[in-house]
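Got the viewer open? Keep the selection box handy, and let's walk through this one stop at a time.

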Amino acid sequence: MEKIYSLNDLVIMKKPHACGENKWKIIRVGVDIKIKCLNCGREVMLDRLEFERKLKKVLGEENEEKKS
Ligand SMILES: [Zn+2]
């Protein structure tokens with residue numbers, strides 16, 4: 001399955017963070033993907049494959065989220 005994501009997109013991961021939040025913001029895209037928990041601000045680095053495996057949904061950029 002193809003998932004399209006880019007820098008600054010909000011994403012939902014399959015497993016919520018330890019703090020209970022499962023929305024993250026992509027803050028770096030490269031060989032590794034860095035995401036930041038929207039609730040507690042913790043940053044996590046994952047390699048691309050792992051990120052895509054754990055990714056549940058791409059919500060798009062922050063301002064697009066408010067449309068729904
Ligand atoms: Zn958190």
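Start by selecting leucine 10 and lysine 25: leucine 10 stands opposite lysine 25 in β2. Before you click further, know that this is a predicted model, where local features need pLDDT of at least 70, side-chain atom pairs count only at pLDDT 80 or more, and totals for chains, interfaces and linings use all residues. Residues are numbered from 1 along each chain as its sequence is written.

Now widen the selection to residues 9-13 and 23-29. These are strands β1 and β2, which pair in the antiparallel sense over three bridges. Strands here are DSSP runs of E with at least two residues, helices are runs of H or I with at least four, and both are numbered from the N terminus. Two strands count as paired if DSSP finds at least two bridges between them.

Next, look at the other partner of β1. β1 and β5 pair in the antiparallel sense over five bridges. Pick methionine 13 and you'll find its bridge partner in β5, leucine 55.

Back to β2, and on to β3. The two strands pair in the antiparallel sense over five bridges, and a hairpin joins them through two residues. For one facing pair, select arginine 28, which stands opposite lysine 34 in β3.

Stay on β3 and colour residues 32-37. Which residues are on its covered face, and which on its uncovered one? Ile33, Ile35 and Cys37 make up the covered face, while Asp32, Lys34 and Lys36 make up the uncovered one.

From there, hop to β4. β3 and β4 pair in the antiparallel sense over five bridges, with isoleucine 33 having leucine 46 in β4 as its bridge partner. Five residues lie between the two strands in this hairpin, and glycine 41 in the turn has a positive phi of about 80°.

Time to zoom out and show the whole sheet. Five strands form an open, antiparallel sheet in the order β4-β3-β2-β1-β5. β4 (43-47) and β5 (55-61) stand at the edges with a single partner strand each, so one side of each has no neighbour in the sheet. Neighbouring strands are turned by 35° against each other on average, direction ignored (axes are lines fitted to C-alpha atoms, for helices over the stretch in contact, and angles run from 0 to 180 degrees between N-to-C directions).

One more residue to select: isoleucine 26, in strand β2. Why does isoleucine 26 count as buried? Because it has 20 C-beta neighbours inside 10 Å. The cut-offs: buried takes 20 or more other C-beta atoms within 10 Å of a residue's own, exposed 12 or fewer, partly exposed in between, with C-beta atoms placed from the backbone.

Leaving out residues up to four places away in sequence, isoleucine 26 touches Tyr5, Leu7, Asn8, Asp9, Val11, Ile33 and Ile35; contact means C-beta atoms, placed from the backbone, within 7 Å. Try a distance label too: isoleucine 26 and valine 11 are 15 residues apart in sequence and 7.4 Å apart in space, C-alpha to C-alpha.

Last stop, the full chain. It has two helices and five strands, following the pattern β-β-β-β-α-β-α along the sequence. Buried residues make up 12% of its 68 residues.

How values were computed: Two residues are in contact if their C-beta atoms, placed from the backbone, lie within 7 Å.
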